[in-house]
Amino acid sequence: MATKHGRKGLVKVGSATVAQVKNWEFTETADEIDTTVMNPAGDKSSDPGGVETSGSMLCLFDTADATGQGALTVGAVVTLELYTGPDSTGEVYYSTTTAKVMSRSSAADVGAMVERNINFKADGAMTENTVS
């Protein structure tokens with residue numbers, strides 16, 4: 001089984017690389033549509049409905065990153081690309097047609113770097129791609 005290490009991953013907003021990303025994650029979820037009818041066994045049933053994606057990224061706060069972190073303001077509608085490795089031929093990445101920035105928070109600690117957490121939602125599922 002082939003595995004990957006996340007240390008060379010990256011995030012892009014449009015064509016701009018987001019600076020200082022520590023990690024990213026996303027979850028795809030389908031609505032559950034109840035299709036249960038009366039039956040002798042009393043079993044329940046359901047079908048998948050509409051799909052949405054939610055996710056987040058954690059960055060070291062970078063005030064100089066106007067086109068990456070700076071573009072990810074609450075309410076912004078952007079195109080995201082989440083890379084599992086570098087942006088080079090054969091690498092896998094996930095993309096959205098549009099993602100909405102739903103929240104953004106920052107945290108400072110006397111023993112750590114200032115961090116920024118950005119949460120997003122996207123209509124539908126992420127698309128898995130390979131850099132060509």
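Leaving out neighbours within four places in sequence, L72 is in contact with V13, V18, M57, V78, L80, V101, R104 and I118. That makes L72 a handy place to begin a tour of this model, which is a predicted one.

**The nonpolar core**

Several of the partners of L72 turn up again in the core. The largest nonpolar core has 17 residues, and those touching the most other members are V18, M57, L72, V78 and L80. Two or more core residues come from each of strand 1 (10-13), strand 4 (46-60), strand 6 (80-83), strand 8 (99-107) and strand 9 (115-123). The biggest giver is strand 9, with three residues. As general background, nonpolar side chains tend to be buried together in soluble globular proteins.

Now take a look at L80, which belongs to strand 6. Is L80 buried or exposed? L80 counts as buried because its relative accessibility is 1%, and the cut-off for buried is under 20%. Setting aside residues up to four places away in sequence, L80 touches V11, K12, V13, M57, L72, Y94, S95, T96, A99 and F120. D65 sits 15 residues from L80 in sequence, and their C-alpha atoms are 16 Å apart in space.

**The fold as a whole**

If you step back from the core, you will find 10 strands and zero helices. Along the sequence, the pattern therefore reads β-β-β-β-β-β-β-β-β-β, with strands being DSSP runs of at least two residues. The C-alpha trace spans about 65 × 35 × 30 Å along its principal axes. The radius of gyration is 18 Å, whereas a compact globule of 132 residues would have one near 14 Å.

Buried residues account for 30% of the 132 residues. Among contacts with a separation of 6 or more, 63% join residues 24 or more positions apart. About 8,100 Å² of the protein is exposed, and 52% of that comes from carbon and sulfur atoms. As for charge, there are 10 positive and 17 negative side chains, and the centres of these two sets lie 8 Å apart.

**Loops and a late strand**

Two loop residues are worth a visit. Q20 is in the loop between strand 2 (16-17) and strand 3 (21-34). Its phi is near 60 degrees, a positive value in a residue other than glycine. Q20 counts as partly exposed because its relative accessibility is 44%, between the limits of 20% and 50%.

T97 is in the loop between strand 7 (92-95) and strand 8. T97 is exposed because its relative accessible area is 65%, and the cut-off for exposed is over 50%. Not counting residues up to four places away in sequence, T97 touches V78 and T79.

Finally, N129 lies in strand 10 (residues 127-130). Which residues does N129 contact, leaving aside its neighbours within four places in sequence? They are E91, V92, Y93, Y94 and S95.

The table gathers the C-alpha separations for three pairs, so you can check them in your viewer.

| Pair | Apart in sequence | C-alpha to C-alpha |
|---|---|---|
| N129 and Y93 | 36 residues | 5.3 Å |
| L80 and D65 | 15 residues | 16 Å |
| T97 and E32 | 65 residues | 23 Å |

How values were computed: Residues are numbered from 1 along each chain as its sequence is written. This is a predicted model: local features need pLDDT of at least 70, side-chain atom pairs count only at pLDDT 80 or more; totals for chains, interfaces and linings use all residues. Side-chain values use heavy atoms; hydrogens and water are left out. A nonpolar core is a set of buried Ala, Val, Leu, Ile, Met, Phe, Trp, Tyr and Cys residues joined through side-chain atoms within 4.5 Å. Buried means under 20% relative accessible area, exposed over 50%, partly exposed in between (1.4 Å probe, protein chains only). Helices (H or I, at least four residues) and strands (E, at least two) are DSSP runs, numbered from the N terminus. Contact means heavy atoms within 4.5 Å. The radius of gyration is taken over C-alpha atoms; the globule rule is 2.2 Å times the number of residues to the power 0.38. Accessible areas come from the Shrake-Rupley method with a 1.4 Å probe; for residues, only the protein chains shown count as cover. Lys and Arg count as positive and Asp and Glu as negative; His and the chain ends are not counted. The place of a charge is taken as NZ of Lys, CZ of Arg, CG of Asp or CD of Glu.
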